[in-house]
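Student: Before we start, could you take me through this model and show how each label follows from its definition?

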Amino acid sequence: MLSFKLWVDADALPRILRDVIIRASDRYQLEVTFVANQPVGITPSIRINSIQALKGADAADQEIVDRMNEHDIVITQDIPLAAQVIEKGGIAIHPRGEIYTTANVKARLHLRDFMDTLRGAGVQTGGPPPISERDKREFSSALDQTIQRQKRKTATQ
């Protein structure tokens, strides 16, 4: 097993990406934990786990932050969670394949706050489009590259 883990914020994870994550776990012998506020519907195995967090707006996010370690990889659409992961020394990946960085997560937080203000004023902002096959490929590629990079990084430590 690798010296880092993969955490999945499963509350809003598109189902189409579960198989990508499980295949990556098999390919790299990587431990994966799906965390959500409701049952995830994942069959546990030697490397695949799930945690049902207590009810609450950010309970699953807090569970991930509390349990993750430096170098762990977290898959999330939640910008505040991504910011906390980066602050703790982890890597955060958006389900569309974007790797969050200190710079882009701050910009995304500002945009998120602005959109919340618009919605609060009654403006219909719409939501993101569904995950496409292209998004799935980009996510798969970003996940593979990140796992490879983390393997090299943690092997030298």
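**The sheet and what packs on it**

Tutor: In this predicted model, five strands form an open sheet whose order is E3-E2-E1-E4-E5, with parallel pairing. Strand E3 (48-52) and strand E5 (91-93) are the edge strands, since each pairs on one side only. Averaged over the sheet and with direction ignored, neighbouring strands are turned by 20° against each other.

Student: How do you know that E1 and E2 pair, and in which sense?

Tutor: Two strands pair if DSSP finds at least two bridges between them; strand E1 (residues 6-9) and strand E2 (residues 32-36) have four bridges, in the parallel sense, and therefore count as paired. Within this pair, valine 8 stands opposite phenylalanine 34, and the bridge partner of aspartate 9 is valine 35.

Student: What makes E1 and E4 a pair as well?

Tutor: The argument rests on their three bridges, again in the parallel sense, set against the requirement of at least two, so E1 and E4 are paired. Here tryptophan 7 stands opposite valine 74 in E4.

Student: Why is the link from E1 to E2 called a right-handed crossover?

Tutor: The chain runs from E1 through H1 to E2, a β-α-β crossover; it is called right-handed because, with the strands pointing away from the viewer, the path from the first strand over the helix to the second runs clockwise.

**Burial and cores**

Student: What makes both faces of E1 count as covered?

Tutor: Leu6 and Val8 on one side, and Trp7 and Asp9 on the other, are all buried, which means that each has under 20% relative accessible area.

Student: How do you know whether the span of helix H5 agrees with the expected value?

Tutor: Helix H5 (residues 133-155) has 23 residues, and the span from its first C-alpha to its last is 33 Å, close to the 33 Å expected at 1.5 Å a residue. Buried residues of H5 include Phe139, Leu143 and Ile147, and what covers the buried residues of this helix includes E1, helix H1 (18-28), E4 and E5.

Student: Why is there talk of a nonpolar core, and which residues have the most contacts inside the largest one?

Tutor: The term applies because buried residues of the nonpolar types are joined through side-chain atoms within 4.5 Å; the largest such set has 25 residues, and Ile21, Phe34 and Leu143 have the most contacts inside it. H1 gives the most to this core, with four residues. Leucine 143 touches Leu6, Ile21, Ala24, Ile75 and Ile93, leaving aside residues up to four places away in sequence. A second, separate core has 18 residues, including Val35, Ala53, Ala82 and Tyr100.

Notes
Residues numbered from 1 in each chain as written. Predicted model: local features only at pLDDT ≥ 70, side-chain atom pairs only at ≥ 80, totals over all residues. Heavy atoms only, no water. Axes fitted to C-alpha atoms, helices over the stretch in contact; angles between N-to-C directions. Expected span 1.5 Å × (residues − 1). Buried < 20%, exposed > 50% of the residue type's maximum accessible area, 1.4 Å probe, protein only. Contact = heavy atoms within 4.5 Å.
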